[in-house]
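Here are some notes to go with the structure, for someone opening it for the first time. Keep the view at hand and look up each spot as you read.

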Amino acid sequence: MASSISISAPNSLILISGGNGSVPNRFEEGKAVAATPTMIAVGTLSEFDGPTRITLVRGRAAIGELRELFDGNLQELKGKLVVQTCEGAVILSGQFDYPQARIQVFSNDQSEPDDIVIIYS
């Protein structure tokens, strides 16, 4: 099942984690994603340019024309996966029974996407 929201994220950034973790402090130039073992940071469309649609899916999803930004594991989930703003507001969440998950992030732009799909399994 998928859940989705359109948001102009503060600081044009969303965080994916188990509710806590160490925030990535460095993005590669031209890349919209950075990760630590416990948190993934994803840049969005500039908050002043409009909303970004963010979709969270457990399992599989049709991604259409979107490109993969990230494919890796996320640790310390403690029964949940959350997508939140950098201010700590949870915007999407899902239950997960394992302490680690495979996370794939897809978007329609490598540096300033306005459509992001997060798949966890």
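1. Start at Gln75, which you will find in strand E6. Keep in mind that this is a predicted model. Gln75 comes out as partly exposed, because its relative accessible area is 36%, and the cut-offs put buried under 20% and exposed over 50%. Setting aside residues up to four places away in sequence, Gln75 touches Pro37, Thr38, Pro99 and Gln100. If you want a distance to check, try Gln75 and Gly21: they are 54 residues apart in sequence, with 8.9 Å from C-alpha to C-alpha.

2. Next, the sheet that E6 belongs to. It is an open sheet of five strands, in the order E1-E5-E10-E9-E6, and the pairing is mixed. Which strands sit at its edges? They are strand E1 (2-7) and E6, and each of them pairs on one side only. On average, neighbouring strands here are turned by 15° against each other, if you ignore direction.

3. For a close look at one pairing in that sheet, take E1 and E5. The two strands pair in the antiparallel sense, over six bridges. Within E5, Leu56 is the residue that stands opposite Ser3.

4. Gln104 is another residue worth a click, this time in strand E9. Is Gln104 buried or exposed? Its relative accessibility is 14%, so Gln104 counts as buried. Leaving out neighbours within four places in sequence, the contacts of Gln104 are Glu68, Phe70, Asp71, Val117, Ile118 and Ile119.

5. There is also an open five-stranded sheet with the order E3-E4-E2-E7-E8, and here the pairing is antiparallel. Strand E3 (33-35) and E8 stand at the edges with a single partner strand each, so one side of each has no neighbour in the sheet. Neighbouring strands of this sheet are turned by 15° against each other on average, again with direction ignored.

6. Inside this antiparallel sheet, look at E2 and E4. Five bridges join E2 to E4, and the two run antiparallel. To find your place, use Leu15, whose bridge partner in E4 is Ala41.

7. Now for the nonpolar side chains. As a rule, in soluble globular proteins such side chains tend to be buried together. In this model the largest nonpolar core has 25 residues, and those with the most contacts inside it are Ile14, Ile16, Val42, Val83, Ile103, Val105 and Ile118. Which strands supply at least two residues each? They are strand E2 (13-17), strand E4 (39-43), strand E5 (52-58), strand E6 (67-75), strand E7 (80-85), strand E8 (90-95), strand E9 (100-107) and strand E10 (115-120). Apart from this core lies another one, of five residues, including Val57, Phe106, Val117 and Ile119.

8. Val42 makes a handy way into the 25-residue core. Skip its neighbours within four places in sequence, and Val42 is in contact with Ser12, Leu13, Ile14, Ile16, Ala32, Val33, Leu69, Val105 and Ile116.

9. Finally, the aromatic rings. How many aromatic pairs are there? The count comes to two. One is Phe96 with Tyr98, an edge-to-face pair at 5.6 Å centre to centre, with 65° between the planes. Phe96 is buried, at a relative accessible area of 3%, whereas Tyr98 counts as exposed at 51% relative accessibility. That 51% lies on the exposed side because the cut-off is over 50%.

10. Phe96 also pairs with Tyr120, edge-to-face again, at 5.7 Å centre to centre and 65° between the planes. Why does this pair tie together separate parts of the chain? Phe96 lies in the loop between E8 and E9 and Tyr120 in strand E10, so the pair links parts that are 24 residues apart in sequence. Both Phe96 and Tyr120 are buried. Through these ring pairs, Phe96, Tyr98 and Tyr120 are linked into a cluster.

11. One last spot is Tyr98 itself, which lies in the loop between E8 and E9. From the C-alpha atom of Tyr98 to that of Ser4 the separation is 23 Å, and the two residues are 94 residues apart along the chain.

Definitions and conventions
Residues are numbered from 1 along each chain as its sequence is written. This is a predicted model: local features need pLDDT of at least 70, side-chain atom pairs count only at pLDDT 80 or more; totals for chains, interfaces and linings use all residues. Side-chain values use heavy atoms; hydrogens and water are left out. A nonpolar core is a set of buried Ala, Val, Leu, Ile, Met, Phe, Trp, Tyr and Cys residues joined through side-chain atoms within 4.5 Å. Buried means under 20% relative accessible area, exposed over 50%, partly exposed in between (1.4 Å probe, protein chains only). Helices (H or I, at least four residues) and strands (E, at least two) are DSSP runs, numbered from the N terminus. Contact means heavy atoms within 4.5 Å. Two strands pair if DSSP finds at least two bridges between them. Axes are lines fitted to C-alpha atoms, for helices over the stretch in contact, and angles run from 0 to 180 degrees between N-to-C directions. Rings of Phe, Tyr and Trp (its six-membered ring) pair if their centres lie within 6.5 Å; planes under 30 degrees apart count as stacked, over 60 as edge-to-face and the rest as tilted.
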